[in-house]
Amino acid sequence: IPPRPLGNVTVSVTNNAAEFIPGPRFEYVSDSSAWSIQPSRGPAGGGSIVSVFLSHQLVSLYKTPSSLICSFGGSRVSANTLVNLTATFTTPKFAATGLLPVTLLDPLTGVRISSSLQFEVTPTSRVASVYPSRGSSMGGTVVSIFGTSFPTSSVSCRFGSRVLPAVQATTSVVLCHTPAAPAGSVSVEVS
């Protein structure tokens, strides 16, 4: 594709270089941008590892993690890693929930590099209790985890270091099957 000014163009096709048949539209966009963010939501308590997928031009300009700053609604954090076309950041703690603009900044000048992304800050989940509080080391016990502000989609339960998808979830109760594990106590978390 030849370099062109930003905007829409019509793609035309020819088989004789004289008669062109108009086709679909193609949009030229700036290559110095961030294309997407995953996950695009996380708890107000912070600590989420977020991947920002970058354009080739951004990666060629900013080659090390310390060369990128990400602003989540004004709260700035440095990149943890910069590998291929992906930069990772750890979200800070947030004072409120809601949708925030995500902006990449040049750390030396503070100049905005990209600003087309958004991040949704959700209430921080809290586990209040687990029932039953014990089960077979063979795993498979259905456990009800009670608490507040649980997500209701793509929910996972962590038993010690083992993470399993939830069977069912509401904002106050999550059901999970326990994994097989050696006998003993483990911490239980929901994300």
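This briefing describes selected features of a protein structure, arranged by topic. The model is predicted. A search of the whole structure finds one disulfide, and an open sheet of four strands is present. The largest nonpolar core holds 21 residues, and another core, of nine residues, lies apart from it.

**The four-strand sheet**

- The strands of this open sheet follow the order 12-13-17-16, and their pairing is antiparallel.
- Strand 12 (126–131) and strand 16 (168–169) are the edge strands; each has a single partner strand, so one side of each has no neighbour in the sheet.
- In general, the strands of a sheet pair through backbone hydrogen bonds, in either a parallel or an antiparallel manner.
- Strand 13 (residues 142–148) and strand 17 (residues 173–177) run antiparallel and are joined by five bridges.
- Within this pairing, V143 has C176 of strand 17 as its bridge partner.

**The disulfide**

- A disulfide is a covalent bond between the sulfur atoms of two cysteines.
- In this model the disulfide joins C157 to C176, with an S to S distance of 1.6 Å.
- C157 belongs to strand 14 and C176 to strand 17, so the pair ties together parts that are 19 residues apart in sequence.
- The torsion about the S-S bond of C157 and C176 is about 50°, and the disulfide is therefore right-handed.
- C157 is buried because its relative accessible area is 1%, which is under the 20% limit.
- C176 also counts as buried, because its relative accessibility is 0%.
- C176 thus appears in two settings: C176 is the bridge partner of V143, and C176 is joined to C157 by the disulfide.

**The nonpolar cores**

- In soluble globular proteins, nonpolar side chains tend to be buried together.
- Of the 21 residues in the largest nonpolar core, those that touch the most other members are I37, V52, L68, F72, F89 and F119.
- Two or more residues of this core come from each of strand 5 (49–54), strand 6 (69–72), strand 9 (86–90), strand 10 (98–105) and strand 11.
- Strand 11 gives the most to this core, contributing four residues.
- Leaving out residues up to four places away in sequence, F72 touches I37, V77, F89, T91, P92, F94, L100, P101, V102 and F119.
- Apart from the largest core lies another one, of nine residues, which include F150, V155, C157 and F159.
- C157 therefore has a place in this nine-residue core as well as in the disulfide with C176.

**Strand 11 and the loop before it**

- T122 lies in strand 11, which covers residues 112–122.
- Is T122 buried or exposed? T122 counts as buried, because its relative accessibility is 12% and the limit is 20%.
- Apart from its neighbours within four places in sequence, T122 is in contact with R41, G42, P43, A44 and T97.
- L108 is placed in the loop between strand 10 and strand 11.
- L108 counts as exposed, because its relative accessibility of 81% is over 50%.
- L108 and L68 are 40 residues apart along the chain, and their C-alpha atoms are separated by 9.4 Å.

**Cis peptide bonds**

- The peptide bond joining Q38 and P39 is cis, with omega of about -10°.
- P39 is found in the loop between strand 3 (34–38) and strand 4 (41–43).
- A cis peptide bond also leads from Y131 to P132, where omega is near -10°.
- P132 is located in the loop between strand 12 and strand 13.

**Positive phi values in one loop**

- Where does S149 lie? S149 is in the loop between strand 13 and strand 14 (156–159).
- S149 is not a glycine, yet its phi is positive, at about 60°.
- S149 is classed as partly exposed because its relative accessible area is 29%, a value between the limits of 20% and 50%.
- S154 is placed in the loop between strand 13 and strand 14.
- S154, a residue other than glycine, has a positive phi near 50°.
- S154 counts as exposed, because its relative accessibility is 75%.

Note on methods. Residues numbered from 1 in each chain as written. Predicted model: local features only at pLDDT ≥ 70, side-chain atom pairs only at ≥ 80, totals over all residues. Heavy atoms only, no water. Buried < 20%, exposed > 50% of the residue type's maximum accessible area, 1.4 Å probe, protein only. Contact = heavy atoms within 4.5 Å. Pairing = 2+ DSSP bridges. Disulfide = S-S within 2.5 Å. Core = buried A, V, L, I, M, F, W, Y, C linked by side-chain atoms within 4.5 Å.
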